[in-house]
Amino acid sequence: MVAQLTMAEQDADYQSGVAAIKAKDFNAAAETLSRVLERFVTTYHELAPECADVYMQYGLALLRDCEEREENANDPFGDAVPRELATGAVSEGAEGEGSSDKEPAIKEGGEGEEGGSAG
């Protein structure tokens with residue numbers, strides 16, 4: 001038995017909105033699906049079964065967009081600073097390398113200045 005496509009699944013704009021959700025462009029998905037929903041409600045009626053898929057995908061796009069905005073709102077640096085650097089969550093390998101590189105540079109610089117002023 002072959003599954004039939006719903007009215008929403010046959011709609012190109014609906015498919016575009018679903019693709020935007022998959023691409024994690026939730027704002028664009030919400031805008032596209034909002035227009036699709038308006039058209040479906042006008043055509044079929046607000047509570048028509050034909051609108052169910054559009055309502056669900058539109059709600060999902062709004063939810064994901066809201067979650068994304070909330071996550072970004074809690075990050076005062078946004079994309080300007082890598083999250084690992086902003087939170088101090090540096091990997092152990094990078095932390096160990098940084099401290100070992102800095103120590104010899106300070107010692108060499110300190111010895112060079114002392115040697116230059118003494119001589």
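Analyst: A residue counts as buried under 20% relative accessible area, as exposed over 50%, and as partly exposed in between, with a 1.4 Å probe and only protein chains considered. The model is predicted, so local features need pLDDT of at least 70 and side-chain atom pairs pLDDT 80 or more, while totals for chains, interfaces and linings use all residues. Residues are numbered from 1 along each chain as its sequence is written, and side-chain values use heavy atoms, without hydrogens and water.

User: How many helices are there in the chain?
Analyst: From the N terminus on, the elements run α-α-α-α-α, where a helix is a DSSP run of H or I with at least four residues and a strand is a run of E with at least two, numbered from the N terminus. The chain has 0 strands, and its number of helices is 5.

User: What percentage of the 119 residues count as buried?
Analyst: Aspartate 11 is one buried residue, with a relative accessible area of 13%, and aspartate 65 is another, at 10%. Of the 119 residues of the chain, the share counted as buried is 19%.

User: Which residue of helix H2 meets the side chain of aspartate 11 in a salt bridge?
Analyst: A salt bridge needs a side-chain nitrogen of Lys or Arg within 4 Å of a carboxyl oxygen of Asp or Glu, and the pair formed by aspartate 11 has an N to O distance of 2.7 Å. The pair links distant parts of the chain, 28 residues apart, with aspartate 11 in the segment before helix H1 (12-22). The partner is partly exposed because its relative accessibility is 35%, and a network of salt bridges links it with Asp11 and Asp13. The residue in question is arginine 39.

User: Which residue forms a salt bridge with glutamate 67?
Analyst: The closest N and O atoms of this pair are 3.1 Å apart, and the two residues are separated by about one helical turn because they lie 3 residues apart in helix H3. Glutamate 67 is partly exposed at 39% relative accessibility, and its partner is partly exposed at 33%. That partner is arginine 64.

User: Is arginine 69, which meets aspartate 65 in a salt bridge, buried or exposed?
Analyst: The N to O distance in this salt bridge is 3.1 Å, and its two residues are 4 residues apart in helix H3, about one helical turn. Aspartate 65 counts as buried at 10% relative accessibility, whereas arginine 69, with a relative accessible area of 51%, is exposed.

User: How many disulfides does a search of the whole structure find?
Analyst: A disulfide requires two cysteine sulfur atoms within 2.5 Å. Cysteine 51 is buried at 0% relative accessible area, while cysteine 66 is partly exposed at 47%. For the whole structure, the number of disulfides found is 0.
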